[in-house]
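Please load the model in your viewer and keep the selection panel open.

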Amino acid sequence: MKSLLEQPAPTAPADHLTLRRGAARVLIDNWTGSSTVPSRTLYPHQWSWDSAFIAIGLRHFSVRRAQQELESLLAGQWADGRLPHIVFNPRVPYGAYFPSPDFWQSSQAGRAGGAPASPETSGIVQPPVHALAAWLVHCSDPAESDRRGFLSRMYPGLTAWHDYLLTRRRLADGGLAAVIHPWEPGMDNSPCWDRPLARVEPADAFRRADLANGNPADRPTDLDYGRYVRLAESYRAANYDDRTATHRFAVEDPAFNALLVTSELALARIAAHLGRSPEPHTERAAQLTRTVVDRLWDDKSGLFRARDLVDDTLIDERSVAGLVPLIIPGLPTDLVNALVETLNGPGFRAPATDLVPSYDLTGPSFDPKRYWRGPAWFNTAWLIERGLRTHGRHEDARRLSRAVVTEAGRSGFAEYIDPATGEARGARNFSWTAALALDLLHTDKDTSHD
Ligand code: 2M8
């Protein structure tokens, strides 16, 4: 590993070996001893879906670290099954990130939900990529995984996590898992949230830490931040209890639920590997697939849209979240065809980079720089690449895979890039960018992507 550390991270297109070294170096530098920070500057704790993506990359050079990444995240799980979106590192000063542990007060306010006494965590969640990550980590070295009992240790926590989403978070009868804060779907200030967020009175007293480390032109506005804070405060005031909390923001997100389907299918494989019946998971995945299609498909736009549960309507915005359900293996063929057409159409094909913008290039709120309102991200490209491969669209998948690898290296493993110019935006040496580029560099030789 030392020799990897000695290599500089690449800043220009380079051969694959240099890129692998650069990506590994980012992951080594961002490792804290038990998990990986998304970014040393902007995000100095452990984030939930980041860790799942990071484990998928880490498995290519340290299976043990990949396992530890997921295990340390699950150490923050609550007794009600929720997997919090941040697990705080007690060694990091409160001022380094807002909202910090003293804002969330998980060990106090989360007591009813069974929040651990330590570590401190947030009270909200992020997309359920974890069972998929656990399965992929297992596949990269099954003997080592079995020897350490990795899957049998992960399985109970992962099923409890999905049960939480499909009980406490099923807010509409016969509905999907709902997100109750824009941070939960992970695409924080997507234009999709503008309308539901407009109902929320912003909080006025808070001190942002992100602007000290990030460019204000890239980050959410103060008004949006005020609304995020208000929503989190009112959830905390309800002791994070989904049975009693009133949710002013409640949305069924297509990417979040597509990842739940995919992770249920991963749980089915994990269960079978452990000698249990996979059926409860495959049945759940099939049921959820039908519900995602029934409730979120929009034929007119050729993609899935988020459903606002406050007024029970589809949100009239086209974002990359609507393309991520390509990852669902059981999607009807006509929908797969429509999604691929949308992906290659004027709204989502950014010819200069070949990556996928986070929001429709022709949409009214498109912004090439501001985070989740247009820039291209590497995790969504990775998910769509996997979806394309799942449905036998190998040529499109290869193009996207090449784009991820090239742009990750060229941008210095940026958090996101301008989809038209490839200009790096947000944090650099960003962990999931490095991890997922590393993964795609290995994909050809990988048998775990079936
Ligand atoms: C961003 O979100 C955090 C809040 O969770 C923030 O802006 O402070 C998002 O991009 C999210 O998807 C990601 O998990 C997180 C850490 O990379 O940063």
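The tour visits a helix, its packing partner, the ligand and a sheet.

This is a predicted model, in which local features need pLDDT of at least 70, side-chain atom pairs count only at pLDDT 80 or more, and totals for chains, interfaces and linings use all residues. Residues are numbered from 1 along each chain as its sequence is written.

Select residues 130–140, helix α7 (helices are DSSP runs of H or I, at least four residues; strands are runs of E, at least two; both are numbered from the N terminus). Because 10 of its 11 residues are buried, α7 is largely enclosed by the rest of the structure (buried: 20 or more other C-beta atoms, placed from the backbone, within 10 Å of the residue's own). Those buried residues pack against α3, α4, α8, α9 and α13.

Add residues 150–167, helix α9, whose axis is 10 Å from that of α7, at an angle of about 170° (axes are fitted to C-alpha atoms over the stretch in contact; angles run from 0 to 180 degrees between N-to-C directions). The two helices are therefore roughly antiparallel (over 145 degrees). H130, A131, A134 and H138 of α7 meet F150, L151, M154, L158 and W161 of α9 (C-beta atoms, placed from the backbone, within 7 Å).

Next, select the ligand; the residues around it include W47, W49, D50 and D210 (C-beta atom, placed from the backbone, within 6 Å).

Finish at the open antiparallel sheet, ordered β8-β9-β10 (strands pair if DSSP finds at least two bridges between them). Display Y416, which stands opposite R425 in β10.

Conventions: Parallel < 35°, antiparallel > 145°, perpendicular 65-115°, else oblique. Contact = placed C-beta atoms within 7 Å. Buried ≥ 20, exposed ≤ 12 C-beta atoms within 10 Å, placed from the backbone.
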